[in-house]
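Dear colleague,

I am passing on the structure we spoke about, with the sequence alongside. My notes on what was found follow below it.

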Amino acid sequence: MRKMTSDPITFETRPSLRHPVMVLAFTGWSDAAASATTAVRYLTEHLIAAKLAGIDPEDFYDFSVQRPIVRLAEGMERQIHWPSYDLFHSAGIGGKRDFVFGIGAEPHLRWRSFCDLILRLVRECGIELVITLGAYLDEVLYTRPVPITGFASDAKLMEDLDLIPSRYQGPTGIIGVLDEACRKSSMPHISLWAALPHYLPTSPNPRGALALLLRLNQWLGLRVDTSPLERAAADFQNKINEIVNSDPNLSAFIRELKKREFEQ
């Protein structure tokens with residue numbers, strides 16, 4: 001463990017967890033259209049998750065890149081809100097396992113030390129499986145179901161998830177580094193990634209979040225009501241249909257994509 005001047009982890013509580021699974025997402029490079037973080041926030045809200053712990057941002061964030069935010073509280077008192085990475089815990093609905101959810105900004109600094117802290121949390125909470133969620137932009141048809149790719153620590157997990165193996169090689173983010181740290185420490189782990197159309201606006205795309213949640217729902221038996229997200233995804237799809245129909249160039253590009261898919 002790489003030593004720091006003080007303990008960066010602050011625990012709010014130390015609950016007894018049943019066969020817990022940790023699900024993590026990070027804003028930034030690995031979160032196209034906010035799909036991964038939307039999925040984790042949705043889970044924390046619908047499973048009524050409580051704050052478990054927070055990681056002090058001082059050692060891990062460049063505040064000139066991601067600046068703290070000033071907000072006015074009651075009485076016009078000014079308060080600083082720092083970038084952070086927070087963890088929450090919840091019991092699964094009707095299931096036999098509990099969950100720890102992590103959400104926050106991708107750190108800018110000391111990635112290996114940050115991963116050491118996550119693995120420390122894994123040990124102290126007795127986590128049995130780590131799941132990371134991500135999303136990326138690709139040349140996929142917006143009219144098709146959102147493709148989910150990824151990788152896992154063993155072939156059985158891949159088979160259980162019916163997961164298309166990721167063939168990606170290239171620059172990586174904190175998720176890639178964390179998954180490598182899990183592998184080296186023999187911690188079972190899975191990484192799920194939603195592929196979203198690169199030619200659409202990169203504003204929050206609820207279809208990506210929904211695809212990730214449905215895969216988790218199916219595999220983990222979360223029993224989370226996804227109907228609000230399904231309605232949001234349908235509304236988003238309708239708006240995209242209008243955009244495509246009103247843009248001849250975009251319509252032509254999508255027809256070409258369909259042609260390529262048909263010829264493959």
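Is serine 30 buried or exposed? Please bear in mind throughout that this is a predicted model. Serine 30 is buried, with a relative accessible area of 1%, and its place in the chain is the loop between β2 (21–27) and α1 (35–46). If neighbours within four places in sequence are left aside, the residues in contact with serine 30 are Gly134, Ala135, Ile175 and Trp193. Tryptophan 193 comes up again in the sheet, where it is the bridge partner, in β11, of threonine 149.

That brings me to the sheet itself, which is open, has nine strands with mixed pairing, and follows the order β1-β3-β6-β7-β2-β8-β11-β9-β10. The edge strands are β1 (9–11) and β10 (164–165), each of which pairs on one side only. As general background, strands of a sheet pair through backbone hydrogen bonds, either parallel or antiparallel.

Starting from the β1 edge, three bridges join β1 to strand β3 (residues 50–55), and the two run antiparallel; within this pairing, phenylalanine 11 has alanine 53 of β3 as its bridge partner. On from there, β3 is joined to strand β6 (residues 85–91) by five bridges, again in an antiparallel arrangement, with glycine 54 standing opposite aspartate 86 in β6. Elsewhere in the sheet, strand β9 (residues 148–152) and strand β11 (residues 189–197) run antiparallel and are joined by five bridges, and it is to this pair of strands that the partners threonine 149 and tryptophan 193 belong.

The cysteines deserve a separate word. How many disulfides does the count come to? The count comes to zero disulfides: cysteine 115 is in none, and the nearest cysteine sulfur to its own, that of cysteine 182, is 7.9 Å away. Seen from the other side, the closest cysteine sulfur to that of cysteine 182 is in cysteine 115, and because the two sulfurs are 7.9 Å apart they are too far from each other for a bond, the cut-off for a disulfide being sulfur atoms within 2.5 Å. As for their surroundings, cysteine 115 is buried, with a relative accessible area of 2%, and cysteine 182 likewise counts as buried, at 1% relative accessibility.

I would be glad to hear how this reads against your own view of the model.

With best wishes

Conventions:
Residues numbered from 1 in each chain as written. Predicted model: local features only at pLDDT ≥ 70, side-chain atom pairs only at ≥ 80, totals over all residues. Heavy atoms only, no water. Buried < 20%, exposed > 50% of the residue type's maximum accessible area, 1.4 Å probe, protein only. Pairing = 2+ DSSP bridges. Helix = DSSP H or I, 4+ residues; strand = E, 2+ residues; numbered from the N terminus. Contact = heavy atoms within 4.5 Å.
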